[in-house]
Amino acid sequence: LHQMQNFVMRAGEIPVLLKKYLADCTYLKYNEIENVLADGRVAVNGSRKLSPKMMIFPQEDAVHLDDRQISPDPPLKRSYFAFHKPAGFESILTGRSGDKSLDRWMMTLPQGISNIGRLDKATTGLLILTNDGDLNHAIRIKGNVTKEYALTLQEKQAIDLDDSRIQSLLQDVKLEDGSIAKATSISIATVVPPTERWGFTQTIVHLGISEGSYHIVRRMCRAAHLRLAHLHRFRVGNISLMAPDGTLLPEGSIRELTSEEVEDLWRIAGGRDQIAMRRISGLAGMLRRSENTLDDTCVRIRRWFAESNITPDQCSFFEVILLDICQCDLKMTLCCKTTVFRSSFVWHKALPSFH
C-alpha cells in the first residue's frame with residue numbers, strides 16, 4: 001500500500017504514449033495532435049521522426065512543440081461546463097459555426113473543450129463539456145457513472161411500474177444486435193391525460209442507466225415495445241440541469257460547474273488516483289504482452305519499474321483495485337462502514353494511514 005501511495009503522488013512521472021503526453025501538456029484534441037505530428041511540429045530529444053505510439057519518459061525525454069519545451073508539470077487548468085442541448089443539433093464538432101453542430105457554443109468556451117458522450121439529434125438535455133481528457137475517459141467507462149433520462153411514452157392508457165414492458169427494462173433486455181442492456185432504476189414521474197388534439201396518454205418515466213452505447217435508451221424502448229415520443233437527459237452522475245442555487249439551465253445555455261461539483265463527479269467516476277494506477281497497469285500489460293521483446297521501449301519500461309521499486313507482477317493488485325473502483329458509489333455506500341478492504345472506497349480513505 002505504501003508503494004501504491006507513492007505511485008499516486010508521482011502520476012506525472014509515469015511513462016505514457018506520446019499522444020497522451022501531448023494531450024496532458026496542451027489543450028490539443030487527439031485529431032489536432034495527429035496533425036501537429038504529421039506536420040513535424042513535435043520533436044522528442046531533437047528528433048522529429050516520431051510515432052504517436054512511442055513512449056515518453058517524462059523524467060528522461062525532452063518534448064518540444066513548435067520549438068518550445070512542454071511538460072505536464074505544472075498541470076494545465078482544466079474547465080468544466082454543463083450544456084442544455086436543444087433538439088435539432090448533432091453532438092459533433094465540424095468547425096463551422098452556422099450548421100447544426102455544437103460549434104456555435106464551443107467557440108465561446110476555453111480551448112480544447114469537447115463533449116463527454118453524445119446525444120442524438122432529436123434528444124435534448126445535459127451534455128458535460130470539458131478539456132479534461134482523463135475525466136472524459138473515466139465517465140465513459142462502462143458502468144462507471146449513471147445517466148438519468150426522462151422518457152415521454154405515448155400509449156392509449158397510462159403506464160405504471162407494474163407494466164411488464166417497464167419491468168423488462170430493469171432486467172436483461174436483448175437488443176436487435178444481440179447485446180444485452182438494462183436500466184439501473186425506473187420511476188413514474190408524470191402522467192398527462194389525452195386531449196382533444198392528442199389522443200394518447202403521455203407517461204413521463206425517469207430511467208437511470210450506467211451504459212453509454214449508441215442510442216441505448218431508444219434501442220431498449222424498441223426492444224420492450226414502448227412508444228417513445230421524446231427523450232431528455234437531465235442528469236449525469238451528480239451533475240444536473242439544475243444549478244446548485246436551484247435555477248434551471250435554459251435550453252441552449254451553458255453554465256460552468258463549481259469546483260465542488262467537479263470533485264464530486266471525479267469521486268463518482270472513480271477518483272483521480274485511477275489516472276496513475278491505470279497508467280501503471282497499462283505499462284505492466286505492455287511488458288506481459290512483450291515478455292521476450294528486447295526493444296528499447298521495453299528495456300526502458302523495465303528499468304522504470306526497477307527504479308520505482310516495484311515489479312510488473314505486483315500490478316495485478318492495481319488491476320483488482322481498479323475493478324473495485326469501477327463498481328462505484330452504490331456498493332461503497334452499503335459496504336464501507338462494515339467491511340475492511342472490500343471496496344476501493346475503504347482502500348482510498350485508509351491509504352494515508354496504512355503502511
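A charge sits over a ring if NZ of Lys or CZ of Arg is within 6 Å of the ring centre and within 35 degrees of the ring normal. Keep that rule at hand for the first exercise, and remember throughout that this is a predicted model.

**Exercise 1. Charges over rings**

Find which charged side chains lie over the rings of W105 and F89.

*Solution.* Start with W105: the charged end of R104 sits over its ring, 5.7 Å from the centre. Then turn to F89, where K100 lies over the face of the ring at 4.6 Å from the ring centre.

**Exercise 2. Classifying aromatic pairs**

Work out how the rings of F83, F89 and W105 are arranged.

*Solution.* A pair of aromatic rings is described by the distance of the centres and the angle of the planes.

Step 1. The structure holds three aromatic pairs. In one of them, the ring centres of F83 and W105 are 4.9 Å apart and the planes meet at 50°, so this pair is tilted. The two partners come from distant parts of the chain, with F83 in strand 6 (residues 80-85) and W105 in helix 4 (residues 103-106), 22 residues apart.

Step 2. Check burial, for which the cut-off is under 20% relative accessible area. F83 has 1%, so it is buried. W105 has 15%, so it is buried.

Step 3. Next, take F89 with W105: the distance is 5.0 Å centre to centre and the angle between the planes is 75°, making this pair edge-to-face. Here, too, distant parts of the chain are linked, since F89 belongs to the loop between strand 6 and helix 4 and W105 to helix 4, 16 residues apart. F89 has 9% relative accessibility and therefore counts as buried.

Step 4. Put the pieces together: F83, F89 and W105 form one aromatic cluster.

**Exercise 3. The neighbours of strand 14**

Determine which strands pair with strand 14 (residues 228-236), and in what sense: parallel or antiparallel?

*Solution.*

Step 1. Strand 8 (residues 124-130) runs parallel to strand 14 and is joined to it by two bridges. One contact to look for is T124, whose bridge partner in strand 14 is H232.

Step 2. Strand 9 (residues 147-155) pairs with strand 14 in the antiparallel sense over seven bridges. Follow the register through two residues: E148 stands opposite R235, and Y149 has R233 as its bridge partner.

Step 3. Strand 15 (residues 239-240) is antiparallel to strand 14, with two bridges between them. V236 stands opposite I239. These two strands form a hairpin with two residues between them, and G237 in the turn has a positive phi of about 60°.

**Exercise 4. The setting of strand 9**

Establish how strand 9 is joined to strand 13, and whether strand 9 is enclosed or open.

*Solution.* Begin with the pairing: nine bridges join strand 9 to strand 13 (residues 201-209), and the two run antiparallel. K147, for example, has I209 as its bridge partner in strand 13. Now count the buried residues: eight of the nine in strand 9 are buried, so the rest of the structure largely encloses this strand.

**Exercise 5. Edges of a three-strand sheet**

Given the strand order 2-4-5, decide which strands stand at the edges.

*Solution.* The sheet is open, has three strands and is paired antiparallel. Strand 2 (42-44) and strand 5 (68-69) each have a single partner strand, so they are the edges, and one side of each is left without a neighbour in the sheet. Strand 4 (residues 63-65) meets strand 5 through two bridges in the antiparallel sense; L65 in strand 4 has R68 as its bridge partner.

**Exercise 6. Helix geometry and burial**

Describe how helix 9 (residues 273-289) crosses helix 10 (residues 296-307), then assess the burial of helix 2 (residues 18-25).

*Solution.*

Step 1. Helix 9 and helix 10 pack with their axes 10 Å apart and at an angle of about 130°.

Step 2. Angles of 65 to 115 degrees count as roughly perpendicular and those over 145 as roughly antiparallel. Helix 9 and helix 10 are therefore oblique to each other, and their crossing is left-handed.

Step 3. Helix 2 is mostly covered, with seven of its eight residues buried. Among them are L18, Y21, L22 and C25, along with the charged-type names K20 and D24.

Methods
Residues numbered from 1 in each chain as written. Predicted model: local features only at pLDDT ≥ 70, side-chain atom pairs only at ≥ 80, totals over all residues. Heavy atoms only, no water. Pairing = 2+ DSSP bridges. Helix = DSSP H or I, 4+ residues; strand = E, 2+ residues; numbered from the N terminus. Phe/Tyr/Trp six-rings, centres within 6.5 Å; stacked < 30°, edge-to-face > 60°. Buried < 20%, exposed > 50% of the residue type's maximum accessible area, 1.4 Å probe, protein only. Axes fitted to C-alpha atoms, helices over the stretch in contact; angles between N-to-C directions. Parallel < 35°, antiparallel > 145°, perpendicular 65-115°, else oblique. Left-handed = near helix turned anticlockwise from the far one by under 90°.
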